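Work through the exercises below with the sequence and the structure in view. Try each task before reading its solution.

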Amino acid sequence: MTSALVFGIGRHRLTTDGEGVTTLVTFNGCPLRCKYCLNKISWDIVKGRHYTPEMLYEEVKIDQLYFLATHGGITFGGGEPLLQVDFIKEFRVLCGPQWQILAETSLNVPLKNVEALDAVLDGYIIDVKDMDPEIYKAYTGNDNALVLSNLEWILSHGDPNRIMVRVPHIPDFNTDEDVARSMERLKTMGVVNFDEFTYIIR
Amino acid sequence: MAKGKKTCKILKEIRKQIAAENDIKLVVEECTYQGDCLGTCPKCEAEVRYLERELEKRQRMGKAAVFAGMSIGTLLTAAACGSTANASSSDSKCPNSTEVTDNTIHEPLAGNVVAVAPERPQPDTIIEEPLMGIVPMYHDTFSFDSEFYQKYLKEKFVFSGMGNLSILGGKVEYEHIGGKGKLCNTMEDLAEEAVEFKAPHYYGGEEMLLEALAVGLMDVFDVEKIKGDMEVEFSVNTKGEIGDVKIVKGLDKVLDDAVSSAFSKMAWEPGDYKLKEESWRLPLECRCVLKINFPIDVPIMLQGEPPVPIED
């Protein structure tokens, strides 16, 4: 039986991470260790609440009417949602094609995960941190080779409009010039939708 | 406008439009609640369930549900202007499209979520103090030997003891009940500096609670003649549902049953808490005790004639 650890379910999100009314479901487990991570609980892969796709569907379908009326649905985040391939595929079978399913992802996952979920997802919200490998490593503790190759794969396998790339200004880690360079490179790759913003440090 | 109220207003607008598009009669009452709003409440949820039932009825009659596609961006603007939106669908497949109004500062990825309620033991302590009229006493207990709480709090507070944390109104108390090792930081630090608690309460406040109670007591014969204190204990779960109602101190069998029944049908705003450094709130299941001083200060409209004794 497929199950996953979920540490958060946030209902009634309006344009925060999707087009309509969305419910954010956050999984435990993340390959990154971002310095300003707000949800460090997601790093823990033991503690949390186990959900099967059926359990989650039963819980979130309470907002189906809003999803259908506003072109909304579920945004899987975390943690890293693309580590939960089987769970999300089974969830899609349960909720049907009308709900929008998005993934808020770092894309720092094996390509096979992206390939397996691409047809299941309606869109991606991708936080690339910074395109510079050294800045990325300093901030996340990991390298960004998989991010770039996965992004290229997604861009070459569908409409670029299904992707929103978040390009953060990360205090003490990158500069405005670094962000501008990242965006230039992303535009060259074919990215058309950007969300440029500043991380809030708490 | 507070975020919760704004969300509530937009969701209400969506419900109105669903009703209009599907020719469903929906009377939406203006919410007069002035406290913190989570964006929805049992009353709002009841409207959604009503719409679902009406749509199902129509589908059984062969009518397809109509969802013209509403733009949240338009509704947000309408909510800000206080007018009804003429929403239309967006053709863009882009997740955030062009409708994000603030593009300068956002939370980091996946921030601002409401955490899933932890599985936790039922509290077992009742706090009592002399009260007048109807005053809620909220309390809850946390067992700090729970791995969940250790995990959540361990970065600032390391626990190796066991104890109960109680909430009485806004005041938090800790009772150490044993366990190995010692508490590395004091519970006072935790309660005052690290955690914010919000107790559950009846939507609309105590006045509305009394009115709801009065409605439930309409069939109690001579209720206005019953005097004294009653204590009712109940749970408010993380969805605001009332359960496990017990009359701790009763006054009259019929009245006790009526009060118990009235509470069982109520919906409350659930309690919650948050770590002060975090943005999300954890829903909190609470066990509450109310002391009700009869006769209550709300007119109770009696219906029908007094019951006639049944002859054998």
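**Exercise 1. Chain A as a whole**

What percentage of the 202 residues in chain A is buried?

Solution. The model is a predicted one. A residue is buried if 20 or more other C-beta atoms lie within 10 Å of its own. By that cut-off, buried residues make up 53% of chain A. The chain has 7 helices and 8 strands. Among its contacts with a separation of 6 or more, 74% are between residues 24 or more positions apart.

**Exercise 2. The sheet**

Find the order of the strands in the open sheet of chain A and name its edge strands.

Solution. Step one: reading across the sheet gives E3-E1-E2-E4-E5-E6-E7-E8, 8 strands with mixed pairing. Step two: strand E3 (49–51) and strand E8 (194–198) of chain A each pair on one side only, which makes them the edge strands. Step three: from one strand to the next, the twist averages 30 degrees.

Now look at one edge. Strand E1 (residues 4–14) of chain A is joined to E3(A) by 3 bridges, and the two run antiparallel. In one of the pairs, A:Val6 has A:Arg49 of E3(A) as its bridge partner. Helix H1 (residues 53–60) of chain A lies across E1, E2, E3 and E4 of chain A, at about 20 degrees to E1(A).

**Exercise 3. One helix and its buried face**

List the buried residues of helix H5 (residues 133–140) of chain A, and decide how they are placed around the helix axis.

Solution. Step one: the buried residues are A:Ile135, A:Tyr136, A:Tyr139 and A:Thr140. Step two: viewed down the axis of H5(A), these buried residues fall within an arc of 105 degrees, so they line one face of the helix. Step three: the general rule is that an α-helix has 3.6 residues a turn, so residues three or four places apart point the same way. Step four: the cover over the buried residues of H5(A) includes helix H7 (176–189) of chain A. After H5(A) comes A:Gly141, with a positive phi near 80 degrees.

**Exercise 4. Unusual backbone angles**

Most residues other than glycine have a negative phi, and most peptide bonds are trans. Locate the cis peptide bond between A:Gly78 and A:Gly79, then compare the surroundings of A:Lys129 and A:Asp172.

Solution. Step one: the bond from A:Gly78 to A:Gly79 is cis, with omega near 5 degrees. A:Gly79 sits in the loop between E4 and helix H3 (85–95) of chain A.

Step two: A:Lys129 is not a glycine, yet has a positive phi of about 60 degrees. A:Lys129 belongs to the loop between strand E6 (123–127) and H5 of chain A. With 27 other C-beta atoms within 10 Å, A:Lys129 is buried.

Step three: A:Asp172 also is not a glycine and has a positive phi, of about 75 degrees. Its place is the loop between strand E7 (163–169) and H7 of chain A. A residue is exposed if 12 or fewer other C-beta atoms lie within 10 Å. A:Asp172 has 10, so it is exposed.

**Exercise 5. The nonpolar cores**

Which residues have the most contacts inside the largest nonpolar core?

Solution. They are A:Val6, A:Tyr124, A:Ile126 and A:Val165, in a core of 58 residues. E1(A) supplies the largest share of this core, 6 residues. Another core, of 19 residues, lies apart from it and includes B:Leu213, B:Val232, B:Leu255 and B:Ile296.

Conventions:
Residues numbered from 1 in each chain as written. Chains lettered and ligands numbered in written order. Predicted model: local features only at pLDDT ≥ 70, side-chain atom pairs only at ≥ 80, totals over all residues. Pairing = 2+ DSSP bridges. Helix = DSSP H or I, 4+ residues; strand = E, 2+ residues; numbered from the N terminus. Axes fitted to C-alpha atoms, helices over the stretch in contact; angles between N-to-C directions. Contact = placed C-beta atoms within 7 Å. Arc of directions from axis to C-beta. Core = buried A, V, L, I, M, F, W, Y, C linked by C-beta atoms within 7 Å.
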